[in-house]
Amino acid sequence: MRPILLGVLGCSLVLSVQAFYSANDDVVELNPSNFNREVIQSDSLWLVEFYAPWCGHCQSLTPEWKKAATALKGIVKIGAVDADQHKSMGGQYGVRGFPTIKIFGANKNKPEEYQGGRSGQAIVDGAMNALRSLVKDRLSGKSGSSGYSKQSSGGGSKQDVVELTDDNFDKMVLEGNDVWLVEFFAPWCGHCKSLEPEWAAAASAVKEQTKGKVRLGAVDATVHQAVSSRYGIRGFPTIKIFRKGEEPEDYQGGRSRGDIIERALDLFSDNSAPPELLEILSEDILKKTCEDSQLCIIGFLPHILDTGASGRNGYLEVMINMAEKYKKKMWGWMWAEAGVQMELEAALGIGGFGYPAMAAINTRKMKFALLKGSFSDAGIHEFLRELSVGRGSTSTLGGGVMPKIAAAEPWDGKDGQLPVEEEYDLSDVDLDDDFDKDEL
């Protein structure tokens with residue numbers, strides 16, 4: 001009997017962890033089957049939490065999220081997506097850590113990231129601010145989410161799907177440097193009509209998340225028969241992947257926007273170079289790198305006199321390896337010599353000892369986390385993996401603002417040299433005539 005009880009207890013514990021929200025809560029549970037209907041096609045303002053059941057920060061947020069949902073009932077919709085179970089939805093909206101909260105306002109296809117506090121009151125305040133902004137836009141004549149004439153019914157812009165023809169296909173797809181997902185369709189095809197809103201929504205999201213490096217196109221195979229016959233198109237819709245210099249391959253994934261986006265982001269990662277590892281030489285370098293990335297990873301390396309060029313290059317190689325491993329995250333990667341950026345080190349609580357050190361900074365939220373393990377492939381991988389899934393311990397950046405960055409000269413790639421002491425010629429210096437040797 002005891003094993004059965006233990007089994008029942010184990011199951012109940014698993015269920016209790018996963019069941020963040022129930023039908024009795026005012027939080028709407030969202031998934032791929034109801035998200036488009038509930039959120040995208042709605043005129044309401046939505047705050048949506050993307051969470052993972054095992055995430056400690058998500059578990060802490062749950063009671064506050066429920067409080068906010070109850071307080072905002074009938075005013076602002078509050079939803080939640082188990083992004084661990086529905087990974088394609090997290091990928092669609094660029095979710096790279098848990099919990100992530102998105103505000104779906106006027107343009108449902110481009111939600112804003114919620115930057116406020118995580119208490120029930122802070123969430124309510126943030127929602128009301130977003131609601132006031134939405135109402136103000138509507139009063140000034142700006143359209144809401146359901147009023148875009150150029151949007152597909154699925155929330156994407158049809159303009160982001162490139163119309164490909166016999167005349168422009170080679171120049172745009174084969175001769176360009178971008179990666180392409182191309183749909184070959186027929187206007188009378190029922191499956192093609194079902195795919196159209198998913199393709200349009202995916203095109204908009206992929207264009208934004210890859211900065212146009214991966215593109216979605218469409219060929220009417222009943223009109224442009226030359227290019228269609230070249231690739232042996234016999235059924236509709238057929239989707240093919242084109243990479244420069246390679247033979248096209250058949251797309252094998254699902255047909256939902258989430259599946260398409262996920263495959264497109266994988267292609268982007270596979271074909272993109274790892275981010276450049278930059279030395280922090282000015283405020284502009286830090287600002288641009290951090291503003292363009294969700295996280296900035298900064299290594300503080302020992303003084304060149306302590307390691308020499310070979311030692312420093314070893315640390316830089318570790319960082320470059322990790323930048324390659326995590327390039328799909330599109331984080332920024334930088335480094336500085338110990339003691340050069342003193343105010344930044346002080347704000348992070350690093351200064352003066354313990355080099356090499358590493359910090360991950362989210363400048364939008366003014367939060368940071370410090371590497372506590374070894375400055376090695378394994379140690380940094382564990383640190384970044386924990387951050388990626390919302391388990392890392394974070395702190396608020398001192399003062400809530402980025403510290404001043406000192407201008408610095410770039411490392412020349414060589415070993416350091418001790419300062420040369422000036423030599424003085426004392427041969428022509430006369431001793432004091434009154435000097436008495438007996439005084440020695």
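This briefing describes a five-stranded sheet, one helix and the largest pocket of the structure above. The model is predicted. Its open sheet of five strands has mixed pairing, and strand β2 of that sheet is largely enclosed by the rest of the structure, because six of its six residues are buried. The largest pocket holds about 1200 Å³ of space.

**The sheet**

- The strands of the open sheet follow the order β1-β3-β2-β4-β5.
- Its edge strands are β1 (residues 28-30) and β5, each of which pairs on one side only.
- Strand β4 runs antiparallel to β5, and two bridges join them.
- Within that pairing, K102 has E113 of β5 as its bridge partner.

**Strand β2 and its partners**

- Strand β2 spans residues 46-51.
- The side chains of β2 are divided between two directions: W46, V48 and F50 point one way, while L47, E49 and Y51 point the other way.
- Residues on both sides are buried, including the charged residue E49.
- Strand β3 (residues 77-82) runs parallel to β2 and is joined to it by six bridges.
- In this parallel pairing, Y51 stands opposite D82 of β3.
- Helix α3 (residues 56-71) forms a right-handed β-α-β unit together with β2 and β3.
- The pairing of β2 with β4 is antiparallel and extends over five bridges.
- Here W46 has F104 of β4 as its bridge partner.

**Helix α10**

- L286, T289 and C290 are the buried residues of α10.
- Viewed down the helix axis, these buried residues fall within an arc of 95°, and therefore they line one face of α10.
- D284 and K288 lie on the other side of α10 and are exposed.

**The largest pocket**

- The lining of the largest pocket comprises 46 residues, of which R96, Q209, K211, D292 and M330 are the closest to its centre.
- By class, the lining contains 16 nonpolar, 12 polar and 18 charged residues.
- Two or more lining residues come from each of β4 (100-104), β5 (112-113), α7 (190-209), α9 (257-271), α10 (283-291) and β13 (332-337).
- Helix α7 gives the most to the lining, with four residues.
- The sheet strands β4 and β5 are thus among the elements that contribute to this lining, as is helix α10.

Terms used
Residues numbered from 1 in each chain as written. Predicted model: local features only at pLDDT ≥ 70, side-chain atom pairs only at ≥ 80, totals over all residues. Heavy atoms only, no water. 1 Å grid on protein atoms, 1.4 Å probe; cavity = no way out; pocket = protein on both sides within 12 Å on 5 of 7 lines; lining within 4 Å. Points joined across faces, edges and corners; volume = space filled by probe spheres on them. Buried < 20%, exposed > 50% of the residue type's maximum accessible area, 1.4 Å probe, protein only. Pairing = 2+ DSSP bridges. Right-handed = clockwise from strand over helix to strand, strands pointing away. Arc of directions from axis to C-beta.
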